[in-house]
Amino acid sequence: MQEQCDPPQFHCHCRRPASLVLYTVFMAFNWRACSADTDLIRPHIVENFLDDEMQTKLKAEFFKNASLWRSGRVNGAMTYRCCGDDEEYPSIVKSAVQRIQRYAEQMLHPQTTLENSHGFRGSLTVQQMSMVRYIPRGGAVVAHTDTDVYARCVSAGLYLNDVQYAHGGTLQMRRCSNEMPGALCENHPNGTRLIEMYIRYGRAANQRCTIRERHELQVIDEIQPREGRLVFFRSEHWHSVSELIEGHRDVIFVWFGCDPKCAILSSGKWLIGTRSLPEYCSKRYLNE
């Protein structure tokens with residue numbers, strides 16, 4: 001059984017083989033069969049990434065516990081988030097993240113534009129992870145990039161439920177509009193420059209990672225949540241999410257670093273707890 005990949009205009013929709021054995025064989029020997037967009041110039045999408053059993057267990061984890069998680073806004077949108085600073089993630093979630101990391105290591109070679117800590121150096125290690133449920137009428141995720149954290153270079157999201165396009169929750173990839181340049185219009189901001197922009201153009205001085213003037217950022221791609229869909233993109237890329245109107249949007253986020261010293265998961269092995277950034281990394285939130 002060979003992996004089938006028919007890339008549309010913007011990104012590659014790869015479908016996982018039915019059995020874990022075939023999936024492992026594909027990962028080891030046939031990864032080039034679906035190589036489109038593995039440079040992450042456009043988002044790389046894998047459909048049905050997990051087997052049905054693991055997907056069901058992850059959904060059950062959200063269904064059982066999401067209402068007990070901490071509530072708060074993430075980049076402008078109201079959410080429930082797991083887990084607390086002193087809590088470990090459930091083992092089923094850690095297993096899913098290990099699979100995501102293994103896939104990224106073997107499949108992705110991102111063509112980053114940044115040459116500092118956010119530049120790809122040949123390996124990807126997990127830097128942070130999060131379980132998030134977005135709630136309806138909780139506001140949109142405003143335009144931002146993920147490069148305000150030291151060495152972060154690739155972002156990923158695993159969706160656990162379908163959301164109809166009419167109900168919102170759409171991931172929107174953005175870039176500066178050549179027809180409407182302005183104070184905000186700068187592609188791939190990072191480090192101190194990005195944080196200065198957050199502070200200057202944020203909705204309030206105490207809301208880091210929120211941008212007000214989104215009209216300057218043109219939408220170039222839209223990706224709708226689908227159960228089992230895994231999306232990778234470069235952390236330096238501007239992105240936002242339209243407001244969720246109905247239902248919920250359950251996502252496991254994984255952020256990859258390009259500096260091995262910032263890893264919590266490397267080569268399938270957990271190095272420290274799953275919540276906090278390594279001390280080496282947390283002291284370097286502002287880029288060189």
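**Reading rings, cores and strands**

User: Where should I begin? Are F253 and W255 buried or exposed?

Analyst: Both F253 and W255 are buried. Keep in mind that this is a predicted model.

User: How do I read a pair of aromatic rings, and how many are there here?

Analyst: Look at how far apart the ring centres are and at the angle between the planes: under 30 degrees counts as stacked, over 60 as edge-to-face. Six aromatic pairs turn up when the whole structure is searched. One of them is F49 with Y103: the centres are 5.7 Å apart and the planes stand at 85°, so this pair is edge-to-face.

User: Where do F49 and Y103 lie in the chain?

Analyst: F49 is in the loop between β2 (44–47) and α2 (52–65), while Y103 belongs to helix α3 (residues 91–107), so their pairing ties together parts that are 54 residues apart in sequence. F49 is buried, with a relative accessible area of 1%, and Y103 is buried with a relative accessible area of 1%.

User: What about the rings of F253 and W255?

Analyst: Their centres are 5.6 Å apart and the planes meet at 20°, so that pair is stacked. Rings can also gather in groups: F49, Y103, F232 and F256 make up one aromatic cluster.

User: Which rings have a charged end sitting over them?

Analyst: Try W270, where the charged end of K94 is 5.2 Å from the ring centre. Then find Y134, whose ring has the charged end of R249 over it, 5.0 Å from the centre.

User: How do I read a nonpolar core?

Analyst: Think of buried nonpolar residues joined through their side chains. The largest core here has 38 residues, and L58, V93, L158, F232, I252 and F256 touch the most other members. Helix α3 gives the largest share of this core, eight residues. To explore F232, leave aside its neighbours within four places in sequence; its contacts then include L40, I100, Y103, V154 and F256.

User: And how do I read a sheet? What is the strand order?

Analyst: Follow the strands from one edge to the other. In this open sheet of four strands, the order is β6-β11-β8-β9, with antiparallel pairing.

User: Why is one side of β6 and of β9 left without a neighbour in the sheet?

Analyst: β6 (141–144) and β9 (217–223) stand at the edges and have a single partner strand each, so one side of each has no neighbour in the sheet. To see one pairing up close, follow β8 (residues 171–176), which is joined to β9 by six bridges. There, L171 has I223 of β9 as its bridge partner.

Methods. Residues are numbered from 1 along each chain as its sequence is written. This is a predicted model: local features need pLDDT of at least 70, side-chain atom pairs count only at pLDDT 80 or more; totals for chains, interfaces and linings use all residues. Side-chain values use heavy atoms; hydrogens and water are left out. Rings of Phe, Tyr and Trp (its six-membered ring) pair if their centres lie within 6.5 Å; planes under 30 degrees apart count as stacked, over 60 as edge-to-face and the rest as tilted. Helices (H or I, at least four residues) and strands (E, at least two) are DSSP runs, numbered from the N terminus. Buried means under 20% relative accessible area, exposed over 50%, partly exposed in between (1.4 Å probe, protein chains only). A charge sits over a ring if NZ of Lys or CZ of Arg is within 6 Å of the ring centre and within 35 degrees of the ring normal. A nonpolar core is a set of buried Ala, Val, Leu, Ile, Met, Phe, Trp, Tyr and Cys residues joined through side-chain atoms within 4.5 Å. Contact means heavy atoms within 4.5 Å. Two strands pair if DSSP finds at least two bridges between them.
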